[in-house]
Structures are given as C-alpha cells and as structure tokens.
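Student: I have a fold open in my viewer and would like to learn how to read it. Could you walk me through it, one feature at a time?

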Amino acid sequence: MTSPQPIPQPGPSLPLIPTRPTLLMCAPTLYDVTYVINPWMAGNVHTASRDRANTQWRHLHDALAEVAEVLLVAPQPGSPDMVFTANAGLERDGIVVLSSFFHPERQDEEQHFQRWFDQAGYTVLSLPRTEPFEGEGDALFSIDGSRLWVGFGPRTLLASHALLARTWPVEVASLHLVDPRFYHLDTCFAPLEDGSVLYYPGAFDQPSLASIESFYPPELRIPVAEEDATRFACNAVTIGSRIFMNRVSPTLSSHLTARGFEVVQLDLSEFLKAGGAAKCLVMKLSHTRALSRTTISLVI
Ligand code: ARG
C-alpha cells in the first residue's frame with residue numbers, strides 16, 4: 001500500500017527575477033536633423049555631428065546599462081528621429097499602444113516600431129491617423145502606477161486619451177501643454193522614483209497645474225526654473241536612486257542630491273538640436289516579456 005501522496009503545497013518561492021528595468025533604445029547611426037517640427041530644430045538642420053551624437057548616446061547607453069537591460073531597435077534610413085524611442089509607443093502589461101505621429105515626417109517610424117514590438121511578442125494596438133498620440137513622449141505613469149499622465153496640444157490629440165483609458169485599468173489625467181518649446185510631456189514633467197515629480201510649471205495651463213498639484217503634495221513637487229527646463233532637466237530617466245539627465249544647473253543637481261538621488265549628468269548637446277535629451281532617447285518596457293523570451297531561448 002502506498003502512502004497517500006502529500007497534497008502539493010506552494011513550493012518555496014521561485015528565485016526572484018532581478019527587477020532590472022528593460023529599456024528600448026536606437027543607436028544614432030542614421031541620426032540627423034533633416035526637418036523642423038519643433039522650435040529646437042529651427043536653425044539646426046544638418047548641424048548635429050554624428051560622431052559626437054554617437055559618443056554622447058554611447059555614454060547614456062552605457063550608464064543606463066549598469067542598472068537596466070537595454071534592448072535595441074535598428075535605425076532605418078529616412079527616419080532620423082527614430083533615436084527618440086520614447087515616441088515608439090506606450091507599453092504596460094505586454095500591451096503597446098503604438099504611436100500615431102502628428103507630423104508626416106515621423107510617420108514612417110510607426111511600421112518599424114510596430115515590427116519590433118510584434119517580434120518581441122507584445123500585443124500592439126493602433127490609433128487612427130486622425131488621433132495622433134506620441135507614446136511615452138506624451139504619456140507617463142505615476143510611480144505607483146495608479147495614474148497615467150498624458151499630455152495634449154502640440155502633438156498628441158486629447159481624443160487619443162480615451163483608448164489609453166480603455167486599455168489599462170488606470171486613471172488617465174490629461175495635461176494641456178501650452179509652451180511650444182515643451183511640445184511633449186516628457187520635456188517638462190518627470191515622475192521620479194521617490195514619488196516626487198520634476199516639472200516646469202510654465203509648460204502647463206492653469207487647470208493642468210492644479211491637477212498636478214492636487215496629486216503631488218508640496219513636498220513632492222520639484223518645480224524647475226526656465227533655465228533648467230530649457231536644458232531639458234525634466235527630460236530625465238530615473239532608475240532606483242539614479243537620475244540620468246542632460247547637464248543642469250548646480251542648484252538643481254544639489255537639490256536632487258540632497259533628496260537622495262545620484263545625479264548622472266551627461267552631455268546630450270547633439271540631441272538637444274532635435275529637441276530631445278535623455279528621456280526621449282529611451283522607452284521603458286515591462287521586463288517580463290523580454291526576460292521570458294530570454295528564458296525560452298535558454299531553455300531551448
Ligand atoms: N525631433 C523629435 C520630434 O520633434 C524629437 C522627439 C523628442 N522626443 C521626446 N520624447 N520628447 O518629434
């Protein structure tokens with residue numbers, strides 16, 4: 001007689017998968033300023049040095065790779081702004097809402113990003129051409145994930161926010177961008193990993209500012225001065241206690257240091273000529289998909 005089989009119990013928890021975030025970047029081998037679709041590009045057509053851009057991008061890439069998995073999408077001829085992968089789309093829980101670019105100059109990028117997401121196993125949702133949406137450049141989750149802040153005005157159309165609200169169980173808060181220099185939300189607003197927010201108040205209309213201020217109490221607000229905002233200080237990537245950004249004023253960097261951040265300042269001058277800096281060059285992805293693909297290829 002065999003003794004009864006023990007009822008299977010949940011085993012000891014699986015070894016924890018390291019929660020290094022996954023980022024998507026695109027090397028600037030085909031980067032250039034070839035058209036003008038934001039005020040920063042004016043006067044900068046063909047003024048960016050590709051060599052310097054490569055070096056600056058490599059420094060950002062290597063600094064991020066110390067704390068994150070960095071995946072790459074191949075640059076494509078005719079899409080010089082593809083380096084700004086924040087504009088590929090917005091991803092959460094394996095679903096990507098693909099960007100639908102406002103300017104025809106960037107619309108070719110959509111097919112290239114779509115192919116990458118398809119091959120990586122994401123479910124891709126698209127918006128009609130009549131509803132521009134520029135991805136993570138205009139849509140940022142609060143650190144607790146409860147709220148999705150979405151910009152509208154210069155690029156993303158307010159009407160596109162409805163699809164975002166239907167896609168994820170999250171409260172969508174729309175923010176009206178009113179200064180043409182800060183044409184994407186990620187140029188003037190950055191939720192930081194300690195729950196605070198770095199933002200340039202001058203980029204928003206009054207109701208939007210009120211909405212930011214009712215979510216973040218005063219001690220969690222870090223308003224930046226115009227001098228730093230125009231250095232793309234808010235275009236920052238935060239991972240753990242590190243914050244990666246273009247060079248900013250000593251005042252702002254010491255303020256962030258005093259709050260416990262390790263401020264990693266990088267020279268991103270060549271990308272500023274196209275109207276982007278650290279955050280524009282990065283899209284955050286849920287790590288689960290990329291890791292499960294890695295796991296599968298290891299098992300096979
Ligand atoms: N030249 C690009 C554009 O105007 C820059 C994009 C910057 N990306 C961003 N996420 N803010 O679309």
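**Reading the sheets and the ligand shell**

Tutor: Gladly! Let us begin with one pair of strands: strand 3 and strand 4 (residues 95–98) are joined antiparallel by four bridges. Within that pair, E91 stands opposite V96 in strand 4. Keep in mind that this is a predicted model.

Student: What holds paired strands together in general?

Tutor: Strands of a sheet pair through backbone hydrogen bonds, and the pairing may be parallel or antiparallel. Here, strands 3, 4 and 5 make an open sheet in the order 3-4-5, with mixed pairing. Strand 3 (89–92) and strand 5 (123–125) are at the edges with a single partner strand each, so one side of each has no neighbour in the sheet. From one strand to the next, the twist averages 20°.

Student: Which helix lies across strand 3, strand 4 and strand 5?

Tutor: That is helix 3 (residues 109–119), which runs at about 175° to strand 4.

Student: Where else should I look for an open sheet of three strands?

Tutor: Look at the order 12-13-14, again an open sheet with mixed pairing. Its edge strands are strand 12 (237–239) and strand 14 (262–266), each pairing on one side only. Neighbouring strands in this sheet are turned by 20° against each other on average, with direction ignored. Strand 13 (residues 242–246) pairs with strand 14 in the parallel sense over five bridges, and N246 has L266 in strand 14 as its bridge partner.

Student: What lies across strand 12, strand 13 and strand 14?

Tutor: Helix 1 does, running at about 160° to strand 14.

Student: How do I read a crossover, and which strands does helix 1 link?

Tutor: Start with the strands themselves. Strand 1 (residues 22–25) and strand 2 (residues 69–72) run parallel and are joined by four bridges. The chain leaves strand 1, passes through helix 1 (residues 50–65) and arrives at strand 2, a β-α-β crossover that is right-handed. For individual pairs in strand 2, L71 is the bridge partner of L24, while V70 is that of L23.

Student: Which strand runs antiparallel to strand 1?

Tutor: Strand 15 (residues 283–285) does, through three bridges. T22, which has its place in strand 1, stands opposite L285 in strand 15.

Student: Why does T22 count as partly exposed?

Tutor: The idea is to count neighbours: a residue is buried with 20 or more other C-beta atoms within 10 Å, and exposed with 12 or fewer. T22 has 19 C-beta neighbours inside 10 Å, so the label is partly exposed. You can also check a distance in your viewer: T22 and L64 are 42 residues apart along the chain, and their C-alpha atoms are separated by 9.9 Å.

Student: How many helices and strands does the protein chain have?

Tutor: There are nine helices and 15 strands. Of the 300 residues in the protein chain, 41% are buried. Among contacts between residues at least 6 apart in sequence, 69% join residues at least 24 apart.

Student: Finally, which residues come nearest to the ligand?

Tutor: The ligand has 16 residues around it, and A86, G137, H184, G276 and C280 come nearest. By chemical class, the shell around the ligand divides into six nonpolar, seven polar and three charged residues.

Conventions. Residues are numbered from 1 along each chain as its sequence is written. This is a predicted model: local features need pLDDT of at least 70, side-chain atom pairs count only at pLDDT 80 or more; totals for chains, interfaces and linings use all residues. A residue is near a molecule or strand if its C-beta atom, placed from the backbone, lies within 6 Å of it. Ala, Val, Leu, Ile, Met, Phe, Trp, Tyr, Cys and Pro count as nonpolar, Asp, Glu, Lys and Arg as charged, and the others, Gly among them, as polar. Two strands pair if DSSP finds at least two bridges between them. Helices (H or I, at least four residues) and strands (E, at least two) are DSSP runs, numbered from the N terminus. A crossover is right-handed if, with the strands pointing away from the viewer, the path from the first strand over the helix to the second runs clockwise. Two residues are in contact if their C-beta atoms, placed from the backbone, lie within 7 Å. Axes are lines fitted to C-alpha atoms, for helices over the stretch in contact, and angles run from 0 to 180 degrees between N-to-C directions.
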